[in-house]
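Let's walk through this structure together, one neighbourhood at a time. Keep the viewer open and follow along.

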Amino acid sequence: MQYDMPVFRPPSEARSLIFQVTLGCSWNRCLFCAMYKTKTYQIRPWEEVSRDIIEMSWQYPETRKVFLADGDPLEAPTEFLIKVLDLLNERFPALERVSAYAGPTNLRHKSVEDLRELKNRKLDVLYLGIETGNDALLKKIKKGATSSQIIEVSRKAIEAGLRMSTFIILGLGGVEGSYDHAKDSARVANAIDPHFLATLTLMLGPYESIYETKIMGQGFKLIDMKQSLQELRWFVEDLDLTNCKFGSEHASNYLPISGTLPRDKEEILQLIDEALTRKDSDLLRPEWARGL
Ligand code: SF4
């Protein structure tokens, strides 16, 4: 099997076998995201997808976890995805779960019944970027959905029995929008009540100044490390979730945290406060190690 590069997957899918059901991202317009800018979105022909699955089932017959790539395989018709999942179940008898990225622009086209059909065939976890719960910011970054649409599609997936793994991007609102971004993101996370919730921190490398001046404009200023911790504090203090694995372990974050909410909320807040007030920074990931 040959991958059409680049291929992205969430860190938690490191041990999954990846199949590219679609290429690129059908939306591909979010201003902060360059993941699939080199690709034109397409649903790969069934002959190619099935050939990959059969070929890999000879090499890795014990596969238990599969990740469907690229950016939004859920954009493919439900019938197509059913065929893919049926073949995966047939060729990998030990298969336990299938996961994929999903977004408001593709989940919108799926009914609860569609998603249940997929869940019945072991589609289990959907990774969905809330990015921010702030509607003005969602519009500005061209996410293609409002906060209520993000909540609606996520709740629909949960109703179908799927587990939602969601994330927000610290720093997306810049200095000026930091508080509203944090508070609105917590509001949306609470309304979704996902199984997993993570933070990433906006990293733009050499594109920082272009992003500030040309892309976001209007006095937009990226947050620094302390402001990112404060934003995380504002976000976490408002979270009111039923039973959610929370993490900020992604390499883009300054402060790696993991815990279960609501159980560990006070402990997590104490850790953030400690990182905010301490002079030395051994709790924090050094700048050079971010993104590695
Ligand atoms: S929907 Fe996801 S993959 Fe597509 S452009 Fe936006 S952030 Fe990138």
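Around the ligand, in this predicted model, you will find Cys25, Trp27, Asn28, Arg29, Cys30, Cys33, Met35 and Tyr36, together with Gly71, Gly103 and Gly129. Sorted by class, this shell holds six nonpolar, four polar and one charged residues.

Now turn to helix H2, residues 78-91, and see how it packs with H4. The angle between the two is about 10°, and their axes lie 9 Å apart. Since angles under 35 degrees count as roughly parallel, H2 and H4 are therefore roughly parallel to each other. On the H2 side, the contact is made by Thr78, Leu81, Ile82 and Leu85, while H4 brings Asp114, Glu117 and Leu118. The residues of this contact of H2 with H4 comprise four nonpolar, one polar and two charged.

Next comes helix H6, which covers residues 147-159. How far apart should its ends be? With 13 residues at 1.5 Å a residue, H6 should span 18 Å, and its end C-alpha atoms are indeed 18 Å apart, so the two agree.

Which residues of H6 are buried? They are Ser147, Ile150, Ile151, Val153, Ser154 and Ala157. Several elements help to cover these buried residues of H6, including the helices H3 (104-107), H4 (112-120), H5 (135-140) and H7 (178-192). Strands S6 (123-131) and S7 (163-170) are also among what covers them. If you follow the chain onward, Gly161 comes just after H6 and takes a positive phi of about 100°.

Conventions. Residues numbered from 1 in each chain as written. Predicted model: local features only at pLDDT ≥ 70, side-chain atom pairs only at ≥ 80, totals over all residues. Helix = DSSP H or I, 4+ residues; strand = E, 2+ residues; numbered from the N terminus. Expected span 1.5 Å × (residues − 1). Buried ≥ 20, exposed ≤ 12 C-beta atoms within 10 Å, placed from the backbone. Contact = placed C-beta atoms within 7 Å. Near = placed C-beta within 6 Å. Nonpolar A, V, L, I, M, F, W, Y, C, P; charged D, E, K, R; others polar. Axes fitted to C-alpha atoms, helices over the stretch in contact; angles between N-to-C directions. Parallel < 35°, antiparallel > 145°, perpendicular 65-115°, else oblique.
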